[in-house]
Structures are given as structure tokens and as C-alpha cells.
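User: I should like a close look at a single part of this protein, namely its network of salt bridges. Please explain which residues take part and where they lie.

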Amino acid sequence: MKRTDTISRKARYGILAALMAGAFSIMPVAQALPTGGTSTTASISTAGTTMDITSTVANNLIKWTDFSLNAGDIVNFGGSHTYLNVVTGANQSIINGAINGTGANVYLINPHGILFGDGASVNVGSLHLSTADISSSLTDFDTAKAALGSAVNYTGDIINRGTLQAATQITVDGENISFKNPANVTASDVRLTTHGDGAGVVDEKGCNIYIGYTSDPPPTLPASYTLNETAQMCKLITTADEFKAIGTDDTTRSGNYMLANDIDAVNTDKHVSGTFTGKFDGLGY
């Protein structure tokens with residue numbers, strides 16, 4: 001085998017591994033609406049594809065076996081209350097529907113990861129996403145909230161391809177964070193924080209913030225954004241030809257990229273020549 005063939009094959013395998021990781025690290029769950037919800041303070045009712053969650057008290061802890069929404073599913077949080085939603089099951093949260101609650105402070109905690117799909121929408125008072133593991137501290141709201149504030153183990157990633165809107169604040173805490181379009185995440189205060197694998201130790205996956213863009217130069221993030229590390233700005237790849245163009249020269253092979261959608265490359269030359277030294281985020285596609 002020629003040396004050039006060896007290098008190009010390594011490049012292909014490396015990027016294909018990234019594609020596979022993006023496609024399968026967060027697998028969609030065939031589940032309509034969240035399931036297994038239990039709370040001593042909040043009431044949960046379902047009619048068709050709509051779930052209403054209400055309460056008469058300020059702070060509410062809700063434990064779920066699974067918290068995922070199919071396209072067309074709607075979860076409404078009522079009142080100006082705080083709802084701390086903690087997933088105790090083994091599935092990632094796959095949100096393809098809508099979460100509403102213009103006055104509500106909504107927390108979604110899932111150590112297995114959270115993915116908002118392209119059609120997902122959130123419109124709440126404040127939104128707090130986390131992959132912290134607080135499963136041993138769910139006796140009541142105060143205990144769970146304190147555990148969340150002092151958490152050190154974050155095992156899942158958070159990916160957003162949808163529209164997240166909050167009246168005040170959006171906080172995102174995960175091992176890795178990927179946003180397809182930062183303009184679709186709006187609040188007066190947006191905070192993205194990545195975490196190592198306990199006590200500040202970064203595991204083999206590392207901790208990265210990935211932000212997608214469509215045209216050069218990469219955009220400047222809105223002033224409302226606060227990041228604990230420099231974001232990896234990734235150009236969105238939408239077609240098989242754009243993927244193939246990564247191998248054009250050393251500049252493209254050292255760039256950062258992110259899938260914008262699923263790509264059908266069955267009848268396309270998928271060869272990427274040279275050594276790829278950049279980053280490639282599959283974004284769950």
C-alpha cells in the first residue's frame with residue numbers, strides 16, 4: 001500500500017468515526033411524551049400529545065423514568081414556579097417537540113445526555129440544562145437543588161439543533177456542548193459551562209464547546225453569551241460534496257466542522273485525502 005493511501009484512509013476512518021459518534025452517541029427514543037413522572041407537589045396530566053404540569057407551590061421536584069418528546073408533543077409548565085425535572089432512567093432526553101412555560105423556571109437534568117432536535121422549541125421563564133449525576137440526592141427539592149449546585153460528575157453531552165428561548169436566563173452544563181445555531185438560543189443571559197470527569201479532571205473525551213456557522217468568517221457570539229472556555233467554531237456541512245471538500249488542502253483539513261443534517265453519500269466518492277487534524281462534530285446526525 002502506498003504511503004499516501006495509508007494517510008488518506010486514516011483520515012477517512014477518523015472522520016467517519018466522528019460521524020458515527022455523532023449519529024449514535026445519542027440515539028432517538030421511540031417514546032411519546034415524558035414517562036414515569038412522580039412528584040409530591042406538582043400535578044401531571046396528559047391529553048393526547050399534550051402534557052400539563054402545574055403546581056401551587058414555588059419549588060417542585062419531579063422524577064422521571066424518561067423525559068423525551070416526539071415531534072408534535074407539547075409539555076406545558078404552569079405558573080411562575082420552579083420545576084426541577086430529573087431523569088432517573090437509562091435513556092438520553094431526545095426533545096423534538098415543544099416545552100412551554102413563559103413564567104416557569106424549568107430545569108432538565110439527565111446524566112445520559114440531552115438532545116434538542118431541529119424541530120424542538122422551548123419558551124420558558126428560565127431554562128437550566130445539566131448532565132450532572134444527582135441521582136443519590138432526590139429526597140426533596142432542597143436536597144436535589146443543593147446537589148446540583150455542588151455537582152462534579154457530568155457524564156453526558158448537550159446538543160441543541162432547535163430553538164431555545166427564555167425570558168431571563170439559559171444555563172447549560174455538560175461534558176461537551178454543541179449548538180447548531182447560536183442565534184436560536186436567546187435570553188438576556190446565556191451561560192455555557194463544560195465540566196471534566198470529577199474534581200476538575202478531564203477524561204479522554206475532553207471538554208469542548210462547539211458552535212456551528214454557515215459562512216466565513218465565523219460569527220461573533222452575542223454579548224449575552226458567557227463561556228467557561230473558548231468555543232470551537234465549526235463550519236456546517238450540508239452536502240456530501242462539502243464533506244469531500246474538506247480534503248482539498250491543509251487549510252481545510254485543519255478546520256473545524258459540524259454536520260448540519262443527515263447526508264446521503266451512498267453514490268458519492270467519500271474519499272478525504274491527507275491527514276485530518278481538525279475537529280468534526282456529528283451533532284447527533
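Analyst: A salt bridge is a side-chain nitrogen of Lys or Arg within 4 Å of a carboxyl oxygen of Asp or Glu. In this predicted model, Asp 118, Arg 161 and Lys 180 are linked in a network of such salt bridges. The structure holds 5 salt bridges.

Let us begin with the acidic residue. Asp 118 forms a salt bridge with Arg 161, and the closest N and O atoms of this pair are 3.1 Å apart. The two residues belong to distant parts of the chain: Asp 118 is in the loop between β8 (114-116) and β9 (121-130), Arg 161 is in the loop between β10 and β11, and 43 residues separate them. Asp 118 also forms a salt bridge with Lys 180, where the closest N and O atoms are 2.8 Å apart. Lys 180 lies in the loop between β13 (177-179) and β14 (185-186), so its pairing with Asp 118 ties together parts that are 62 residues apart in sequence.

How buried or exposed are the members of the network? A residue counts as buried when its relative accessible area is under 20%, as exposed when it is over 50%, and as partly exposed in between. Asp 118 has a relative accessible area of 39%, and is therefore partly exposed. Arg 161 counts as buried because its relative accessibility is 13%. Lys 180, with a relative accessible area of 16%, is buried as well.

The surroundings of Arg 161 deserve attention next. This residue is found in the loop between β10 (158-160) and β11 (163-166). When its neighbours within four places in sequence are left aside, Arg 161 is in contact with Leu 115, Phe 116, Gly 117, Asp 118, Lys 180, Leu 283, Gly 284 and Tyr 285. Both of its partners in the network, Asp 118 and Lys 180, thus appear in that list. With Tyr 285 there is, in addition, a polar contact of 3.1 Å between the side chains.

Another salt bridge may be set beside the network. Arg 191 pairs with Asp 189, the closest N and O atoms being 2.9 Å apart. Here the basic residue, Arg 191, counts as partly exposed because its relative accessibility is 37%. Asp 189 is buried, since its relative accessible area is 18%.

These details may be placed in the protein as a whole. There are 4 helices and 20 strands. Of the 285 residues, 49% count as buried, Arg 161 being one of the residues classed in this way. Among the contacts with a separation of 6 or more, 53% are between residues 24 or more positions apart. The protein exposes about 12,700 Å², of which carbon and sulfur atoms supply 51%.

Strand β9, which borders the loop of Asp 118, also helps to cover the buried residues of helix α2, together with β3 (59-64), β5 (82-87) and β7 (98-109). Those buried residues of α2 (residues 141-149) are Phe 141, Ala 144, Ala 147 and Leu 148. They lie on the same side of α2 because they cover an arc of only 135° around the axis. The face turned away from that buried side carries the exposed residues Asp 142 and Gly 149.

Note on methods: Residues are numbered from 1 along each chain as its sequence is written. This is a predicted model: local features need pLDDT of at least 70, side-chain atom pairs count only at pLDDT 80 or more; totals for chains, interfaces and linings use all residues. Side-chain values use heavy atoms; hydrogens and water are left out. Buried means under 20% relative accessible area, exposed over 50%, partly exposed in between (1.4 Å probe, protein chains only). Contact means heavy atoms within 4.5 Å. Accessible areas come from the Shrake-Rupley method with a 1.4 Å probe; for residues, only the protein chains shown count as cover. A polar contact is a pair of N or O atoms within 3.5 Å; within protein, one must be able to donate a hydrogen and the other to accept it, and residues adjacent in sequence count only if both atoms are side-chain atoms. The arc is that of the directions from the helix axis to the C-beta atoms.
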